[in-house]
Amino acid sequence: MRCSRRGCHKTAVIYQPYSGLHLCEAHFTEYIERKVKKELRRQMVLKPGDRLVVALSGGKDSSALLYMLHKFFSVRRDLELLALAVDEGIRDFRHETLKNARAIAGDLGIELHIHSFSSEFGFTLDDIVSRGYEQAPCTFCGVLRRRVIERKARELNATTVITAHNLDDEVQTIMINYLRGDIERLKRLSANRIAEFVPRLKPLRTIPEKEVAIYAYLAGIPLITRHCPYARLSFRFTVKRMLNEFEKRHTGTKYSVLRGYERLMKLLPETHQQPRFTICERCGAASASRICKVCEILELMRRD
Ligand code: SF4
């Protein structure tokens, strides 16, 4: 198939069922980068002196994001781009992606900071899982990783944390919160500026996971085929499969969920749009409840 762009006769590397376009390598890359830049502009205004910290796992999404941001911002001497990786302690998995994270950050000349659950909390995710709790490992992992990123971003004087959530991640999270009826978390998802936290950006949130993977491949970023061994145990995994099935049968479902969610959030009166936080009585961190989730996990691990 030939590229659909007018006057271009190159072979297409991708077909986008939702747009009906076939795109060659150059036009696909241009399309992705234009969309990411647009999303960046929509979400933030860069100021001289900004320190942007990219949450880097070493997987395809965060590696592609770091590569792209470096491409956009390396000419800006007034901005700093740093990378932050978290080692949760997942045997036969994380060391592989961290190797990748070191390689890509090293190639781009970006300072990489790696912190582990083990040094921050005194146990690994594998330790938690070995206790056989009812909750899925991702429940613990997400809470602890967010805390490490927030804490370390503050220590690095970050003005913004940039994460690599793609369209699939975003739509899964929306759907999970709909299914749980969790309105507070739904609100949190669209608020990239919450007073209690370092501002967060998600420039890939409108790019489908498959397209991020193709972009990464074309950019020469090594793709890791190994997946986290705990991913299949999560509710997210079930929702992911369901959404992929819908997308296969009804093209554009994922974009519809995202747009529908955005329209719904705009309908909320402004006073209801900001999520509510208090201060954790034990550690003093911002929390949605009296005792934060991190302290609950620490208590659980101390007790059992
Ligand atoms: Fe953590 Fe779940 Fe992601 Fe694995 S899949 S790294 S357990 S959040």
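Mentor: Two strands pair if DSSP finds at least two bridges between them. With that in mind, we may read this predicted model.

Trainee: In which sense do strand S1 and strand S2 pair, and over how many bridges?

Mentor: S1, residues 12-16, and S2, residues 21-24, are antiparallel partners joined over four bridges. Within this pairing, Tyr-15 of the model stands opposite His-22, a residue of S2.

Trainee: Which residue in the hairpin of S1 and S2 takes a positive phi?

Mentor: Four residues lie between the two strands of this hairpin, and Gly-20 is the residue with a positive phi, near 75°.

Trainee: Let us turn to the ligand. Which residues surround the ligand?

Mentor: The ligand has around it Ile-90, Arg-94, Leu-125, Cys-138, Cys-141, Arg-145, Cys-228, Tyr-230 and Ala-231. Helix H6, spanning residues 137-155, supplies the largest share of this shell, three residues. Sorted by class, the shell holds seven nonpolar and two charged residues, with no polar ones.

Trainee: How should one read a pocket?

Mentor: Rolling a probe the size of a water molecule over the atoms shows where empty space is left. Here, the second largest pocket has a volume of about 390 Å³.

Trainee: Which elements give two or more residues to the lining of the second largest pocket?

Mentor: They are S1, helix H7 (167-180), helix H9 (209-218), helix H10 (235-249) and helix H11 (253-267). Of these, H10 gives the most, with four residues. The lining comprises 18 residues, and Asp-168, Pro-208, Lys-210, Glu-247 and Lys-254 lie nearest the centre of the pocket.

Trainee: How many residues of each class has the lining of the second largest pocket?

Mentor: Eight residues of that lining are charged, seven are nonpolar and three are polar.

Methods
Residues are numbered from 1 along each chain as its sequence is written. This is a predicted model: local features need pLDDT of at least 70, side-chain atom pairs count only at pLDDT 80 or more; totals for chains, interfaces and linings use all residues. Side-chain values use heavy atoms; hydrogens and water are left out. A residue is near a molecule or strand if one of its heavy atoms lies within 4 Å of it. Ala, Val, Leu, Ile, Met, Phe, Trp, Tyr, Cys and Pro count as nonpolar, Asp, Glu, Lys and Arg as charged, and the others, Gly among them, as polar. On a 1 Å grid over the protein atoms alone, a cavity is a set of points where a 1.4 Å probe fits but cannot get out, and a pocket is an open set with protein on both sides within 12 Å along at least five of seven lines; lining residues have an atom within 4 Å of a point. Grid points are joined across faces, edges and corners, and a volume is the space filled by probe spheres set on the points.
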